[in-house]
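Hi,

Here is the structure I said I'd pass on. Have a look at it first, and my notes follow underneath.

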Amino acid sequence: MGYDASTLPDVTGLTVGIIGGTGDQGRGLAYRFARAGQTVLIGSRSAERAAASAQEIAALPGVPAGASIAGADNEEVARDSDVVIIAVPWDGHAAVVAALAEPLAGKIVVDCVNPLGFDKQGPYPLKVEEGSAVQQAAALLPDSRVCAAFNHVSAPLLADPEVDRIELDVLICTEDRDVVGVVAALAARIPGMRGIYAGRLRNAHQIEAFTANLIAINKRYKAHSGIRVTDL
């Protein structure tokens, strides 16, 4: 069975919240979803900073006039969103996620955090007690529907208004097959992207770690590399 975009659910009416939406990855995803006409909420520890970021994104090229994009503190965004993307720095991951367990109950939570370290030799994956960042999130959010996705999407590409299509696949790991369809449909809202099921949560470690390889590739070749799965 090959990839068939026609089977994806309609997600146009969903509100996408981004915790850590003022960082590079979160801001880039917010821009792409707003550009696609999705309702977007940007979350930050500072509601004022989140609101300012939302105003800036709304004014960027390609974002439709009157686009629904707003900013608020993390808890409000978690409560008011249908799908919540976690895009915070690894150092604060556990604390931020744990603090949002109650408002995230029942929600689809997409973790795109990569536990990486950096030294003179470049990026490298960090050991995570739970196995991966998304497994840590799942342990902290027992009442949420958790998946890993968007880990390896280039933030500079997302943020570049001159890039109309981002030709890559988003690998999705989760225990919940219904979540795969929703997240794949959201990925497909960004022209050129496909969402591909890549196994259960236990398979997310190598995807998070592979981002270190992509960073090394980008540095060597001055590129913004991504992943494309063949024969699908």
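**Around Phe150**

This is a predicted model, and I started from one side chain. Setting aside neighbours within four places in sequence, Phe150 is in contact with Gln25, Leu29, Phe33, Ile85, Val110, Cys112, Val170, Val183, Ala187 and Met193.

Several of those names come back in the largest nonpolar core, which has 42 residues. Phe150 is among the residues with the most contacts inside that core, together with Phe33, Ile85, Val110, Val170, Val183 and Met193. Which helix gives the most to this core? That would be α7 (residues 177-188), with 8 residues. There is also a second, separate core of 30 residues, including Ile19, Ala72, Leu100 and Ile207.

Now the sheet. It is open, has 8 strands with mixed pairing, and runs in the order β3-β2-β1-β4-β5-β8-β9-β10. Why do β3 (69-73) and β10 (193-197) each have one side left without a neighbour in the sheet? Both stand at the edges with a single partner strand, so there is nothing in the sheet on the other side. On average, neighbouring strands are turned by 25° against each other, ignoring direction.

At the β3 edge, β2 (residues 39-44) runs parallel to β3, and 5 bridges join the two. One to click on: Val40 has Ile69 in β3 as its bridge partner.

Back to α7: this helix lies across β1 (15-19), β4 (83-86), β5 (108-111), β8 (145-148), β9 (168-174) and β10. Its angle to β10 is about 165°.

Cheers

How values were computed: Residues numbered from 1 in each chain as written. Predicted model: local features only at pLDDT ≥ 70, side-chain atom pairs only at ≥ 80, totals over all residues. Heavy atoms only, no water. Core = buried A, V, L, I, M, F, W, Y, C linked by side-chain atoms within 4.5 Å. Buried < 20%, exposed > 50% of the residue type's maximum accessible area, 1.4 Å probe, protein only. Helix = DSSP H or I, 4+ residues; strand = E, 2+ residues; numbered from the N terminus. Contact = heavy atoms within 4.5 Å. Pairing = 2+ DSSP bridges. Axes fitted to C-alpha atoms, helices over the stretch in contact; angles between N-to-C directions.
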